Amino acid sequence: MLLATVATILSVHLLLGEPPAPATEPAPSAPPAQPASPPPAVEPAPPAPADEPTKDPATPPAQEPAAEPADAPAQDAGEAPAAATPAAPPTLQPEKPTRAYVVVDRISTAAGTIESEDTEVIVLRDAKGKLRSFSKNRVLSVTHLVDGPAGRRVRVTFNDGRNLVANLIDDGFESVALDIGGVRTSYDRAAVSLVEPFPTDRELYDRFRTTLDPDQYEARYTLAVWLHSRKMYDEAKSELEGLLEATNHYEAKRLLAEVKAQLDLLKPRERPADAESSRGSDDSSRPDPVRGRILTPAEVNLIKVYELDLDNPPRMKISDELIRSMFEKYADSELIPAKAAERNAFFSKDPADIVRILFALKARELYGDIDVLGEPEQLNLFRTRVHNTWLIGNCATSKCHGGPDGGRLYLHNRNHKNDEVRYTNLLIALRTTINGQSLVDFERPTDSLLYQYALPRTEARRQHPDVRGWEPVFTPSRRGLAEDFVKWVNSMHRPRPEYPVEYAPPALDSPDRPDAQGPDR
């Protein structure tokens with residue numbers, strides 16, 4: 001009962017965007033970040049999953065209590081020093097919008113990709129490639145649309161004031177599609193005033209974790225209780241083990257035993273050898289011997305690490321275990337502090353500063369332990385302006401390079417909005433050559449085969465093979481896509497890193513296609 005109470009209090013505080021304060025600590029004094037515009041009063045909302053909150057994560061009610069209940073688990077007298085007041089939680093990094101929907105007047109609307117924007121004017125490029133400029137003080141509203149990935153949690157505010165939290169399928173120009181309890185539900189764009197990212201449990205955990213000092217034992221235990229209640233058992237185990245390294249916390253020991261039991265229950269059972277051999281060869285969970293495998297989440301994270309721009313870093317997390325490994329492996333380096341006080345302060349460093357030191361040490365064996373929670377800007381540009389915009393819809397269809405007749409280029413189109421699938425296609429594009437020509441040429445982006453094959457034949461120096469159904473992508477009305485491709489290529493990390501990912505692009509030979517003469521890599 002006590003654990004449930006503590007978990008409930010912590011969950012409420014975290015979902016409101018402020019860390020809970022242990023019973024022995026004062027509440028944080030810094031006010032939480034305010035949203036761009038105050039949310040309207042909440043009225044009965046469309047059907048939503050029962051466990052999804054609809055409160056604004058960044059704007060707690062004025063009367064919300066800031067302390068935990070008085071009966072929170074207590075430690076033995078003198079066991080833990082008084083904890084310092086945690087700092088105000090960091091806000092989620094704002095995303096740079098790439099698309100917008102403009103209500104011009106009562107009967108006119110416009111939508112498109114954002115070419116430029118300031119406080120007074122926004123310029124959009126519509127689906128036909130036409131540029132339109134709008135003065136913000138002469139239109140009724142400007143709404144920035146949320147880019148994927150599909151499945152991210154968002155809060156939707158309707159024009160009538162209702163709020164709804166659900167999983168995003170697509171924030172489109174015509175409608176907003178949501179996954180509500182496993183059911184796809186669409187709402188007319190004109191009925192929606194705002195769609196904004198809503199923090200996930202993982203993001204809430206990361207926000208609260210950064211506010212804690214190592215000696216805030218009760219707060220660290222309370223965080224572990226919340227992680228357990230959210231079934232985040234690996235994270236709870238890590239927090240509890242770290243806590244027990246510093247203090248003999250009886251309740252933490254009991255909870256750690258329960259967490260380990262839950263993890264044991266979740267471990268997959270080993271399949272008997274005879275059962276394994278009896279499985280059919282069409283098992284979709286196995287890598288396709290022709291089309292190849294999909295990258296793992298760890299490989300995706302490693303690619304992000306190698307593309308980091310530390311002057312404009314995405315959200316990252318550096319674990320205490322990674323820092324301890326740095327201290328152990330590179331103790332003799334002048335970059336590693338020698339004094340205990342300096343080492344303790346190292347754990348509070350900005351993640352980007354720690355990554356800079358890792359890069360300076362060339363500690364490549366530790367790069368995979370850098371947890372990149374966001375996405376580097378250039379990889380986000382590949383996702384929003386290349387992969388999802390035209391590479392999948394024009395090149396990766398089942399009758400083209402997403403099917404058996406794709407020649408020497410195969411792109412995965414199933415679950416293409418999934419991170420692992422998208423990064424697999426990225427690696428295919430970066431590592432594939434045809435007749436000695438790279439799909440992506442970093443020295444001369446417009447010489448890239450992807451660029452040349454997307455041009456009309458009358459403009460291309462290297463024409464796409466003459467195959468049935470092919471149509472150019474970079475038509476006169478879609479020149480912005482060509483510009484986006486060049487912008488993406490030029491934004492990638494220089495000098496080009498070699499990702500330590502063992503992956504060979506799939507090779508499909510198709511005798512009925514002019515370019516099907518075997519792989520050339």
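Me: Is His249 buried or exposed, and what is its relative accessible area?

Reply: This is a predicted model, and in it His249 is buried, with a relative accessible area of 1%. Burial here means a relative accessible area under 20%, so His249 falls on the buried side of that cut-off. Its place is in the loop between helix 4 (233-246) and helix 5 (250-266), and the side chain of His249 makes a polar contact with the side chain of Glu218 at 3.2 Å.

Me: Where does Glu218 belong, and how many residues of helix 3 are buried?

Reply: Glu218 is one of the buried residues of helix 3, a helix that covers residues 217-229 and is mostly covered, with twelve of its 13 residues buried. Among the others on the buried list are Tyr217, Arg220, Trp226 and His228. The helix reaches 19 Å from its first C-alpha to its last, which is close to the 18 Å expected at 1.5 Å a residue. Just after helix 3, Lys231 takes a positive phi of about 60°.

Me: How should I read burial along a helix, and which residues of helix 12 are buried?

Reply: The general idea is that an α-helix has 3.6 residues a turn, so residues three or four places apart point the same way. In helix 12, the buried residues run from Glu420 and Val421 through Arg422, Tyr423, Thr424, Asn425, Leu426, Leu427, Ile428 and Ala429 to Leu430. Because eleven of the 13 residues are buried, helix 12 is largely enclosed by the rest of the structure.

Me: What do the buried residues of helix 12 pack against, and which residue caps its N-terminal end?

Reply: The packing partners are helix 7 (297-306), helix 11 (377-395), helix 13 (449-454) and helix 14 (479-491). The cap at the N-terminal end is Asn418, whose side-chain oxygen lies 2.8 Å from the backbone nitrogen of Glu420. Helix 12 itself, residues 419-431, reaches 18 Å from its first C-alpha to its last, close to the 18 Å expected at 1.5 Å a residue.

Me: Turning to the strands, in what order do the five strands of the open sheet stand?

Reply: The general idea is that strands of a sheet pair through backbone hydrogen bonds, either parallel or antiparallel. In this structure the order of the five strands is 9-8-7-6-10, and the pairing is antiparallel. Strand 9 (183-188) and strand 10 (192-197) stand at the edges with a single partner strand each, so one side of each is left without a neighbour in the sheet. From one strand to the next, the twist averages 45°.

Me: How many bridges join strand 6 to strand 7, and which residue is the bridge partner of Arg155 in strand 7?

Reply: Strand 6 (residues 153-158) and strand 7 (residues 163-171) pair in the antiparallel sense over five bridges, and the partner of Arg155 in strand 7 is Val165. Strand 6 is also joined to strand 10 by five bridges, again running antiparallel, and in strand 10 Arg155 stands opposite Glu196. Strand 7, for its part, pairs with strand 8 (residues 175-180) over four bridges in the antiparallel sense, where Asp170 has Ala177 as its bridge partner.

Me: How many residues lie between the strands of each hairpin, and which residue in the turn has a positive phi?

Reply: The hairpin of strand 6 and strand 7 has four residues between its strands, and Gly161 in the turn has a positive phi of about 100°. Gly161 is buried, with a relative accessible area of 8%, and its C-alpha is separated by 8.9 Å from that of Ser193, although the two are 32 residues apart along the chain. The hairpin that joins strand 7 to strand 8 does so through three residues.

Me: Which residues is His144 in contact with, beyond its neighbours within four places in sequence?

Reply: His144, found in strand 5 (residues 141-144), is in contact with Pro97, Arg99, Ala100, Ile114, Glu117 and Val195 once those neighbours are left aside. With Glu117 there is a polar contact between the two side chains, at 2.9 Å. His144 is partly exposed, with a relative accessible area of 30%.

Me: Finally, how many helices and strands are there in the protein chain?

Reply: There are 14 helices and 14 strands, and buried residues make up 45% of the 521 residues in the chain.

Definitions and conventions
Residues are numbered from 1 along each chain as its sequence is written. This is a predicted model: local features need pLDDT of at least 70, side-chain atom pairs count only at pLDDT 80 or more; totals for chains, interfaces and linings use all residues. Side-chain values use heavy atoms; hydrogens and water are left out. Helices (H or I, at least four residues) and strands (E, at least two) are DSSP runs, numbered from the N terminus. The expected span of a helix is 1.5 Å times one less than its number of residues. Buried means under 20% relative accessible area, exposed over 50%, partly exposed in between (1.4 Å probe, protein chains only). Contact means heavy atoms within 4.5 Å. A polar contact is a pair of N or O atoms within 3.5 Å; within protein, one must be able to donate a hydrogen and the other to accept it, and residues adjacent in sequence count only if both atoms are side-chain atoms. Two strands pair if DSSP finds at least two bridges between them. Axes are lines fitted to C-alpha atoms, for helices over the stretch in contact, and angles run from 0 to 180 degrees between N-to-C directions.
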